[in-house]
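Please look over the sequence and the fold before reading on. The report below takes up the helices, the loops and the annotated spans in turn.

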Amino acid sequence: MQNSLNTRSMIFTLYGDYIRHYGSEIWIGSLIRLLEEFGHNEQAVRAAISRMNKQGWIAARKQGNKSYYYLTERGSKRMDEAAKRIFKVQQEPWNGEWLMFTYTIPEEKRSIRDELRKELVWSGFGLLANSFWISPHPSSEQIQAMIDKYDIKDYVHSFTAVYNGPNENDKLVSECWDLNDINQRYNEFIVAYSQKYVIDKNKIEKREMTDGECFVERTKLVHEYRKFLFIDPGLPQELLPSEWLGDHAASLFSDYYRALAGPASRFFESIYAEGNELKKNTKYDVLNHPLIQEK
C-alpha cells in the first residue's frame with residue numbers, strides 16, 4: 001500500500017486532512033518539514049508543489065523571503081466535495097427510485113465527455129449502457145452542477161424511474177458495479193489495518209508512540225481509506241450484498257483514526273507554528289473526520 005505515497009498525492013492529503021483547517025495556507029518550509037516524516041526530500045516537495053500550482057489547485061504568495069501556498073477556489077471546492085461525499089454520511093432508507101442520466105455529446109467536445117465520465121464515477125454513478133448512467137441517490141443538484149460546469153444542457157437528459165423488471169434491482173447493480181472487487185479491496189484494508197490498530201492503540205496508551213509517529217500513521221490511514229471514495233458508489237443498504245465489508249472497514253477507520261488524531265494534531269501544530277500564524281478553525285473537531293461514518 002505504501003508504494004502509492006508519492007509526494008504530490010501526500011500533499012493533497014495534508015491539505016485535505018490538516019492545512020484546510022488552519023486557513024488553507026502553509027509556508028513551504030513547514031510543508032517540507034512535515035513531508036520529511038514520510039521520507040520525501042525538499043527537491044521532491046518543491047517539484048510537486050510547483051506542478052500543483054500550475055494545475056490550479058494551489059496558489060503562492062510571498063511574505064518577505066518566505067513563500068506560502070494556499071488552496072485556490074478550485075482546490076477548496078474539490079476538498080469540500082470529498083468531505084461531503086454522501087455515502088460517508090448516514091443515509092436515509094432508499095425510496096426505490098433510480099436517477100438516470102444520459103448524454104449525446106458531439107465528438108468535437110470529446111474532452112468534456114471524458115471529464116464528465118470521471119465526475120460521474122466520482123459521484124457514485126454506474127454505467128448501465130453506452131452513455132447511460134444510473135444512481136440510487138437523488139443527486140439532481142449535483143447533475144445540474146455538472147451541466148452548468150461543462151455547459152452541456154443541449155446534450156443531456158436526466159430523469160428518475162422505478163425499475164420494473166423483468167429482473168431484480170440486484171441485476172442492475174451487478175451490471176453497473178463490481179461489488180465483489182470493491183469488497184475484496186475492503187477486505188485487504190481490514191487485514192492490513194486491524195493488527196496495526198491494536199498494536200498502535202496499545203503503544204499510545206503506554207506512551208510508547210511519539211506524536212510524530214502518530215502523525216505519520218494517521219496520514220497514511222486517511223490516504224489509504226480515501227481511495228474508497230473513487231471506487232465505492234455508496235449504495236443504499238438495500239442494494240448491498242449480505243456479506244458487505246464496507247461497514248466493518250468504516251468502523252475500523254473510525255476507531256483507528258480517533259486513536260491517532262490527538263497526538264497527530266499536536267505534532268502538526270508544533271511544526272506548523274514554527275513558520276505560520278496558527279489560525280485554527282474554531283469549528284474543527286479533530287475527532288470528527290468527514291470520512292467517519294455516522295452510527
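## An enclosed helix

Of the 15 residues of α9, 13 are buried, so this helix is largely enclosed by the rest of the structure; buried here means under 20% relative accessible area, exposed means over 50%, and partly exposed lies in between, with a 1.4 Å probe and protein chains only. Helix α9 covers residues 211-225 and reaches 21 Å from its first C-alpha to its last, close to the 21 Å expected at 1.5 Å a residue, where the expected span is 1.5 Å times one less than the number of residues. Helices (H or I, at least four residues) and strands (E, at least two) are DSSP runs, numbered from the N terminus.

This is a predicted model, in which local features need pLDDT of at least 70 and side-chain atom pairs count only at pLDDT 80 or more, while totals for chains, interfaces and linings use all residues. Residues are numbered from 1 along each chain as its sequence is written, and side-chain values use heavy atoms, with hydrogens and water left out.

## Helices that cross

The axes of α9 and helix α11 (residues 246-272) come within 7 Å and cross at roughly 140°, which makes α9 oblique to α11. Axes are lines fitted to C-alpha atoms, for helices over the stretch in contact, and angles run from 0 to 180 degrees between N-to-C directions; those under 35 degrees count as roughly parallel, over 145 as roughly antiparallel, 65 to 115 as roughly perpendicular and the rest as oblique. The contact of α9 with α11 has 16 nonpolar, two polar and four charged residues, where Ala, Val, Leu, Ile, Met, Phe, Trp, Tyr, Cys and Pro count as nonpolar, Asp, Glu, Lys and Arg as charged, and the others, Gly among them, as polar. The crossing of α9 and α11 is left-handed, a term used if the near helix is turned anticlockwise from the far one by less than a right angle, with right-handed used if clockwise.

Another crossing involves helix α2 (residues 28-36) and helix α3 (residues 42-54), whose axes come within 9 Å and cross at roughly 125°. Helices α2 and α3 are therefore oblique to each other, and their crossing is right-handed.

## Backbone details in the loops

Two residues that are not glycines have a positive phi: Ser24, at about 60°, and Asp151, at about 55°. Is each of them buried or exposed? Ser24, in the loop between α1 (7-17) and β1 (25-27), is buried with a relative accessible area of 16%, whereas Asp151, in the loop between α6 (140-150) and β7, counts as exposed at 61% relative accessibility.

A cis peptide bond, with omega of about 15°, joins Gly165 and Pro166. Pro166 is placed in the loop between β7 (156-162) and α7 (169-176).

## Annotated spans

An unreviewed UniProt entry places the feature "domain: Transcriptional repressor PaaX-like N-terminal" at residues 7-75, and the feature "domain: Transcriptional repressor PaaX-like C-terminal" at residues 177-269. UniProt positions are given in the numbering used here, feature names are shortened, and annotations may be inferred rather than shown by experiment. Over residues 7-75 the chain is 52% helix and 22% strand, with end C-alpha atoms 17 Å apart; residues 177-269 are 75% helix and 0% strand, and their end C-alpha atoms lie 41 Å apart.

Tyr193 is found in helix α8 (residues 179-205) and is buried, with a relative accessible area of 6%. Although 56 residues separate Tyr193 and Ala249 in sequence, the two are 9.2 Å apart in space, C-alpha to C-alpha.
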